[in-house]
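Trainee: Could you show me how to read a long helix and the ligand shells beside it?

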Amino acid sequence: MLPPGSFEGRVAVITGGSSGIGETIARHLAALGATVVLLGRRPDALREVVASIREAGGSAAGFAADVRDRERVEAVLAEVVDRYGRIDHLVNNAAGNFRVAPEEMSPNAWNAVVRIVLDGSWHCTQTVGRHLIARGGGGSVVSIGTTPALFGDPDTAHSASAKAGVLAMTKSLAIAWGRHGIRLNVVTPGLTDDTGAVSQLFAAEGAYAANLEKIPVGRHANRDEIAEAVTYLLSDHAGYVTGQNLVIDGGRSLGIG
Ligand SMILES: CCCCC/C=C/C(=O)SCCNC(=O)CCNC(=O)[C@H](O)C(C)(C)COP(=O)(O)OP(=O)(O)OC[C@H]1O[C@@H](n2cnc3c(N)ncnc32)[C@H](O)[C@@H]1OP(=O)(O)O
Ligand SMILES: NC(=O)C1=CN([C@@H]2O[C@H](COP(=O)(O)OP(=O)(O)OC[C@H]3O[C@@H](n4cnc5c(N)ncnc54)[C@H](OP(=O)(O)O)[C@@H]3O)[C@@H](O)[C@H]2O)C=CC1
């Protein structure tokens, strides 16, 4: 969608870039000229994606990091700046989720998800934001949302709450950092094929087909459709867009809100 070379000379950090939607975002950014830096917990998965991006002619590196670990996040991002001289873009994509009734959820289950989604996004965004401000500004952040953050979901209250927090964080920092030329937005996908969400949340018999029936356009999203929206919002073509939430759900949430 964007002209070739749109991200030439830029460095983009993608959390959870080793699989699912994050992997596809990384491939798109690399194809548009960015050096992509992937964060995730599993070194083998990172190695595989990095190798395949390089084989396709892109520039990529992977760092094993749990986004809940503030010290590790800061150390990795400092190493990225040392190695490449800059960070221009951040995609807060890493997430954890599972279905559990709220009255049965343990404190640790709540914490596991909230710390990955909300705390992890905060750790990465504040660290990258400080770098961008110190270098004189510019740059952009996209965080991945979820429709339950907007409308609620009885089975994933931890994820819905954390993602609602990420949306509020995005709007707050868009106001605070606008004067530094730093833009922050959210992309909220509907159910997207070939991802952890499908295997984690829609594995029960009939769940995937039942969800399909509720989507006006009659299909689920594909990973490229989400990645294209993310690359647009990160790019200079979206230079006047900040603090917004782009919902890409085939019309699934129409009539709910
Ligand atoms: C319209 C479509 C909407 C889709 C919305 C969004 C979807 C997504 O976000 S999908 C992302 C899916 N991908 C993943 O979840 C991958 C990453 N997931 C994980 O790493 C784990 O699932 C994790 C979130 C549980 C985190 O792993 P870890 O830190 O290793 O945590 P533990 O395994 O130690 O578990 C912590 C805590 O949580 C309890 N728990 C785990 N799974 C469940 C479950 N299915 N049901 C209930 N409770 C669960 C676990 O028992 C621990 O609690 P305690 O037992 O009290 O210690
Ligand atoms: N797929 C969908 O239908 C939808 C997805 N979303 C959102 O899109 C994003 C991607 O989802 P999806 O592609 O399905 O997810 P996947 O489960 O396929 O991928 C999740 C990625 O996050 C990484 N990750 C998880 N926990 C951590 C952590 N603590 N620290 C660092 N990395 C971590 C995983 O790597 P590792 O395990 O190696 O750490 C993995 O690379 C998420 O934010 C999700 O909430 C929103 C709506 C719908």
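Mentor: Helices (H or I, at least four residues) and strands (E, at least two) are DSSP runs, numbered from the N terminus. This is a predicted model, in which local features need pLDDT of at least 70 and side-chain atom pairs count only at pLDDT 80 or more, while totals for chains, interfaces and linings use all residues. Residues are numbered from 1 along each chain as its sequence is written, and chains are lettered from A and ligands numbered from 1 in the order in which they are written.

Trainee: Which elements each supply at least two residues of the shell around ligand 2?

Mentor: A residue is near a molecule if its C-beta atom, placed from the backbone, lies within 6 Å of it. For ligand 2, α1 (20-31), β2 (35-40), α4 and α7 each supply at least two such residues, and the largest share, three residues, comes from α1. Around ligand 1, the helices α4 (107-134) and α7 (196-201) each give at least two.

Trainee: What should the 28 residues of α4 span?

Mentor: The expected span of a helix is 1.5 Å times one less than its number of residues. For α4 that should be 40 Å, and its end C-alpha atoms are 38 Å apart, which agrees.

Trainee: Where is the kink in α4 centred?

Mentor: The bend at a residue is the angle between axes fitted to the seven residues ending there and the seven starting there. In α4 a kink of about 40° is centred on R115. Just after α4, G136 takes a positive phi of about 110°.
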